Amino acid sequence: GKGDTTSDRVSPLGKNASRKYFGNYIVLQYQDGVYAFYAHLSQTSIDLVKVNDIVEPGDLIGYMGSTGN
């Protein structure tokens, strides 16, 4: 997000396991409307955050992986 990162909070909008192209992924929306897309996450990432959770800077949202194509 923009500005002071200590005040940025993000809300997971969606995630899906084993998508054909991106593998496990999560989409986050920052309070300023910017979206971030994290793809190819490991299988162990699936239950770290749920849709509509609020996460703070430094929170673990996923593990690096190699899922998808």
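Start by selecting Phe22, Tyr25 and Phe37: ring pairs link these three into a cluster. Keep in mind as you look around that this is a predicted model.

**Stop one: the rings**

How many aromatic pairs does the structure hold? There are two. Show the side chains of Phe22 and Phe37 to see one of them. Their ring centres sit 5.0 Å apart and their planes meet at 80°; an angle over 60 counts as edge-to-face, so that is what this pair is. Now colour by secondary structure. Phe22 is in the loop between β1 (10-19) and β2 (23-30), while Phe37 belongs to strand β3 (residues 35-41), so the pair ties together parts that are 15 residues apart in sequence.

Switch on a surface for a moment. Are these two rings buried, exposed or partly exposed? Phe22 has 42% relative accessibility, so it counts as partly exposed. Phe37 is also listed at 42%, and it too counts as partly exposed.

Leave Phe37 selected and add Tyr25. This aromatic pair is tilted, with 5.1 Å from centre to centre and 35° between the planes. Here Tyr25 comes from strand β2 and Phe37 from strand β3, and the pair links parts of the chain that are 12 residues apart. Tyr25 has a relative accessible area of 18%, which means it is buried, as the cut-off is under 20%.

**Stop two: Leu48**

Next, jump to Leu48, in the segment after β3. With 32% relative accessibility, Leu48 is partly exposed. Which residues does Leu48 touch, once those up to four places away in sequence are set aside? Select Leu60, Ile61, Gly62 and Tyr63 and you have them. Try a distance label between the C-alpha atoms of Leu48 and Ile61: they lie 5.9 Å apart in space, with their positions 13 residues apart in sequence.

**Stop three: Ile61 and the core**

Stay with Ile61 and bring up what surrounds it. Leaving out neighbours within four places in sequence, Ile61 is in contact with Ile26, Leu28, Tyr38, Ser45, Leu48, Val49 and Val55.

To finish, which residues make up the largest nonpolar core? Select Ile26, Leu28, Leu41, Val49, Val55 and Ile61, six residues in all. There is a wider pattern to keep in mind here: in soluble globular proteins, nonpolar side chains tend to be buried together.

How values were computed:
Residues numbered from 1 in each chain as written. Predicted model: local features only at pLDDT ≥ 70, side-chain atom pairs only at ≥ 80, totals over all residues. Heavy atoms only, no water. Phe/Tyr/Trp six-rings, centres within 6.5 Å; stacked < 30°, edge-to-face > 60°. Helix = DSSP H or I, 4+ residues; strand = E, 2+ residues; numbered from the N terminus. Buried < 20%, exposed > 50% of the residue type's maximum accessible area, 1.4 Å probe, protein only. Contact = heavy atoms within 4.5 Å. Core = buried A, V, L, I, M, F, W, Y, C linked by side-chain atoms within 4.5 Å.
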